[in-house]
Amino acid sequence: MALQTIDWLWLLHPALAVVVIYPLVGMVVRLGVQARQRRLGQSKLPVTSGRDHADLGRWLTGSVVLAVLVALVVVILTKVPLAEFAGGPSRLALLTLVTAGTAAAFAAFWRARQPPFRASFALLCWIGLIGLGLQPEVWRLSDNPLEPAFWQSHFWGGIGLIGLLLFAMAAKPETQRSLRWRRLHVSATVLAAVVLVAQGISGPRDLLEIPLHWQKPAIYSCDFEAQQCPAVPAPQS
Ligand code: HEM
Ligand code: HEM
């Protein structure tokens, strides 16, 4: 059965996660562990582990930022037909500006050297993604950290993860130089690894719940609280 263009757009983000992000995670974690073992005295490991770890770490952060930007843009643009876009062309133009600004902040962050620039471009990029994510079109389960649903939210997990990865990338020179920063790096990225596992569960869960475009009218006529759908007429014989 053929997927419509809209369904393909919705597949872009999960496909990026499966094909690009998770393989990179495996390599980055392995090289990080090697860099540590080498530092602690296992001299048979390659000298390049630390540098390769940090290089691939940058690409990991970049691919997560890209995948999340893609997900948010697709969700916001396809909620209703473009002609009915809530807020009209002015809101569309504003959100386009925020999207372009977020991408530009990441590009500037990639090249930044001085600590204040690294910190502020990383923060700008994160704020841009949060700003797009807070639009009413984006499904977030719950915005209240006191509710269990908040902690199961694929959106908030993604925002937390990006914060941790941007931090790892921003603090790269400090992590290479000092033991205190390295400890902070390892604490932040162990947490990131746990969130990556959680995203790998909450993402497929959401995928299971999202119907194909043409099925949406039928599925969304169901009562999600009572977990019941309108009775289907019996087939004519
Ligand atoms: C899941 C993600 C990650 C994990 C589990 C991880 C883990 C580690 C570990 C275990 C170390 C060794 C610490 C030690 O020597 O005691 C390390 C070092 C380092 N990490 Fe990561 N890391 C991750 C992501 C990143 C990212 C995204 C960057 C950003 C560019 C990065 C940059 C670095 C740097 C620069 C070092 C120091 C390497 C050296 O000593 O030359 N890491 N990381
Ligand atoms: C690094 C891991 C991941 C991060 C940081 C991440 C983050 C996000 C964010 C922030 C959103 C937008 C909010 C929303 O619509 O819920 C989103 C949407 C979505 N995610 Fe993920 N995600 C990750 C992995 C995955 C995986 C592995 C899957 C499934 C196999 C997945 C499936 C989805 C789906 C179906 C959506 C709805 C929007 C769309 O498909 O474009 N995600 N994700």
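**Exercise 1. Find the residues that surround ligand 1, and trace them to their helices.**

Step 1. Start with the count: 27 residues surround ligand 1. The closest are G32, R36, G50, G57 and T189. Keep in mind that this is a predicted model.

Step 2. Assign the shell to elements. At least two residues each come from α1, α2, α6, α7 (172-177) and α8.

Step 3. Pick the main contributor. α1 provides the largest share of the shell around ligand 1, with eight residues.

Step 4. Sort by class. The shell around ligand 1 holds 13 nonpolar, nine polar and five charged residues.

**Exercise 2. Do the same for ligand 2.**

Step 1. Ligand 2 is surrounded by 26 residues. P14, A17, G158, Q199 and G203 are the closest.

Step 2. Now the elements. Two or more residues of this shell come from each of α1 (5-39), α2 (49-78), α6 (154-170) and α8 (179-209).

Step 3. Which element gives the most to the shell around ligand 2? That is α8, with seven residues.

Step 4. By class, the shell around ligand 2 has 19 nonpolar residues, six polar and one charged.

**Exercise 3. Describe helix α1: its span, its bend and its buried residues.**

Step 1. Check the span. α1 has 35 residues and reaches 50 Å from first C-alpha to last. At 1.5 Å a residue, 51 Å is expected, so the two values are close.

Step 2. Locate the bend. α1 bends by about 35° at A17. A17 is also one of the closest residues to ligand 2.

Step 3. List the buried positions. They are W10, H13, A17, V25, V28, L31, G32 and A35. Of these, G32 is among the closest residues to ligand 1.

Step 4. Explain the spacing. An α-helix has 3.6 residues a turn, so residues three or four places apart point the same way.

Step 5. Find the cover. α2 and α8 are among the elements that cover the buried residues of α1.

Step 6. Look past the end. Just after α1, G41 has a positive phi of about 120°.

**Exercise 4. Describe helix α3 in the same way.**

Step 1. α3 covers residues 88-111, 24 residues in total. Its first and last C-alpha atoms are 36 Å apart, close to the expected 34 Å.

Step 2. Which residues of α3 are buried? They are L95, T102, A105, F106 and F109.

Step 3. The packing partners of these buried residues are α2 and α4 (115-133).

**Exercise 5. Locate two residues with positive phi that are not glycine, and classify their exposure.**

Step 1. Take L141. Its phi is near 60°. L141 sits in the loop between α4 and α5 (148-151).

Step 2. Count its neighbours. L141 has 18 other C-beta atoms within 10 Å, so it is partly exposed. The buried class needs 20 or more.

Step 3. Take Q227. Its phi is positive, about 55°. Q227 lies in the segment after α9 (216-219).

Step 4. Count again. Q227 has 7 other C-beta atoms within 10 Å, so it is exposed. The cut-off for exposed is 12 or fewer.

**Exercise 6. Summarise the overall fold.**

Step 1. Count the elements. The protein has nine helices and zero strands. Along the sequence the pattern reads α-α-α-α-α-α-α-α-α.

Step 2. Give the dimensions. Along the principal axes, the C-alpha atoms fill a box of roughly 75 × 45 × 40 Å.

Step 3. State the burial. Of the 237 residues, 23% are buried.

Step 4. Check the contact range. Among contacts with a separation of 6 or more, 68% join residues 24 or more positions apart.

Conventions. Residues are numbered from 1 along each chain as its sequence is written. Chains are lettered from A and ligands numbered from 1 in the order in which they are written. This is a predicted model: local features need pLDDT of at least 70, side-chain atom pairs count only at pLDDT 80 or more; totals for chains, interfaces and linings use all residues. A residue is near a molecule or strand if its C-beta atom, placed from the backbone, lies within 6 Å of it. Helices (H or I, at least four residues) and strands (E, at least two) are DSSP runs, numbered from the N terminus. Ala, Val, Leu, Ile, Met, Phe, Trp, Tyr, Cys and Pro count as nonpolar, Asp, Glu, Lys and Arg as charged, and the others, Gly among them, as polar. Two residues are in contact if their C-beta atoms, placed from the backbone, lie within 7 Å. The bend at a residue is the angle between axes fitted to the seven residues ending there and the seven starting there.
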